[in-house]
Number of protein chains: 2
Amino acid sequence: MGRVVVEVMPKPEILDPQGKAVVGALPRLGFTQFTSVRQGKRFELEVEGDVTPEVLAAAQAAAETLLSNPIIEDVVRVADVEADAAGTITSAGLA
Amino acid sequence: MGRVVVEVMPKPEILDPQGKAVVGALPRLGFTQFTSVRQGKRFELEVEGDVTPEVLAAAQAAAETLLSNPIIEDVVRVADVEADAAGTITSAGLA
């Protein structure tokens, strides 16, 4: 069973009230190092079998037609979820 | 200027009505290969300067306290956004 990750973010010129709310709340919790926050969406799409180039192409097409609104959002990532492992930091990894 | 990506997904045992809606809509658009969809959130946090281990640790702490609800969500990824480049597939890359 394979899994594809699709990630969608609001375009830079689009106002992002959720991100603004988060960046306003962070300093109140002691996180003063972050100057800007944007909030988007992450989808995990499961397929039977492996994640082939055809599956990735279908995920890209779905990302651009159903999972994002191309007027206000950009598809920033379409990837086999296995590719995440290297970049992931777990709580244990940081301890 | 550095950027940290934080990704949050609903826990597997939590019902995800947005994902259910997407998985119901995909076959109507001709995408029949996807058997399950989950929808979560992607945050991009900007910092002045580089993404140091201290910045990643702060992002992890913010992810667990403000950006996710630990009762119903898991923090699945905290990473320097540069790490995304390798796994990203653009439309051009698939053409």
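The exercises below, each with a worked solution, concern a predicted model of two protein chains, A and B.

**Exercise 1. Describe the build of chain A: how many helices and strands does it have, and in what order do they come?**

Step 1. Count the elements. Chain A contains 3 helices and 3 strands.

Step 2. Put them in order. Along the sequence the pattern reads β-α-β-α-β-α.

Step 3. Look at burial. Of the 95 residues in chain A, 45% are buried.

Step 4. Look at the contacts within the chain. Take those in chain A between residues at least 6 apart in sequence: 73% of them join residues at least 24 apart.

**Exercise 2. Describe the interface: how many residues of each chain take part, and what area is buried between chain A and chain B?**

Step 1. Count the residues. On chain A, 46 residues are in contact with 46 residues of chain B.

Step 2. State the area. About 3900 Å² is buried between the two chains, and carbon and sulfur atoms give 65% of that area.

Step 3. Count the polar links. Between chain A and chain B there are 10 residue pairs in polar contact, both residues being at pLDDT 80 or more.

Step 4. Find the elements involved. On the side of chain A that touches chain B, those giving two or more residues are β1 (2-10), α1 (17-25), β2 (34-47), α2 (53-67), β3 (73-80) and α3 (91-94). The most comes from β2(A), with 14 residues.

Step 5. Sort this side of chain A by class. It has 25 nonpolar, 11 polar and 10 charged residues.

**Exercise 3. Find out how β2(A) is joined to strand β2 of chain B: do the strands run parallel or antiparallel, and which residue is the bridge partner of F43(A)?**

Step 1. Determine the direction. β2(A) and β2 (residues 34-47) of chain B run antiparallel and are joined by 13 bridges.

Step 2. Pick out one pair. F43(A) has Q39(B) as its bridge partner in β2(B).

Step 3. Classify Q39(B). Its relative accessibility is 12%, and the cut-off for buried is under 20%, so Q39(B) counts as buried.

Step 4. List its neighbors. Leaving out residues up to four places away in sequence, Q39(B) touches K41(A), R42(A) and F43(A) in chain A, and M9(B), P10(B), D16(B), Q18(B), G19(B) and V22(B) in chain B.

**Exercise 4. Examine the salt bridges: how many are there over all chains, and how many between chain A and chain B?**

Step 1. Recall the principle. Side chains of opposite charge can pair when their charged atoms come close.

Step 2. Give the counts. The whole structure has 16 salt bridges over all chains. Between chain A and chain B the count is 2.

Step 3. Take an example across the interface. R42(A) forms a salt bridge with E7(B), with 2.2 Å between the closest N and O atoms.

Step 4. Take an example within chain A. E46(A) and R3(A) meet in a salt bridge at 3.0 Å, N to O. E46(A) lies in strand β2 and R3(A) in strand β1 of chain A, so this pair ties together parts 43 residues apart in sequence. E46(A) is buried at 17% relative accessibility, while R3(A) is partly exposed at 28%.

Step 5. Take another from chain A. The side chains of K11(A) and D74(A) form a salt bridge of 2.8 Å, N to O. K11(A) belongs to the loop between β1 and α1 and D74(A) to strand β3, so parts 63 residues apart in sequence are tied together.

Step 6. Take one from chain B. R77(B) and E7(B) meet in a salt bridge at 3.1 Å, N to O. R77(B) is in strand β3 and E7(B) in strand β1 of chain B, 70 residues apart. R77(B) is buried at 2% relative accessible area, and E7(B) is buried at 0%.

Step 7. Look for a network. Salt bridges link a group of residues from both chains, among them R42(A), E46(A), R3(A), E7(B) and R77(B).

**Exercise 5. Place β1(B) in its surroundings: why is it largely enclosed by the rest of the structure?**

Step 1. Count the buried residues. In β1(B), 8 of the 9 residues are buried, so this strand is largely enclosed by the rest of the structure.

Step 2. Find its pairing with β2(B). The two strands pair in the antiparallel sense over 7 bridges. Within this pairing, V4(B) stands opposite L45(B).

Step 3. Find its pairing with β3(B). β1(B) and β3(B) also pair in the antiparallel sense, over 7 bridges. Here V8(B) stands opposite V75(B).

Note on methods
Residues numbered from 1 in each chain as written. Chains lettered and ligands numbered in written order. Heavy atoms only, no water. Contact = heavy atoms within 4.5 Å. Buried area = accessible area lost by both parts, 1.4 Å probe. Salt bridge = Lys/Arg side-chain N within 4 Å of Asp/Glu carboxyl O. Polar contact = N/O pair within 3.5 Å; in protein donor to acceptor, adjacent residues only side chain to side chain. Helix = DSSP H or I, 4+ residues; strand = E, 2+ residues; numbered from the N terminus. Nonpolar A, V, L, I, M, F, W, Y, C, P; charged D, E, K, R; others polar. Pairing = 2+ DSSP bridges. Buried < 20%, exposed > 50% of the residue type's maximum accessible area, 1.4 Å probe, protein only.
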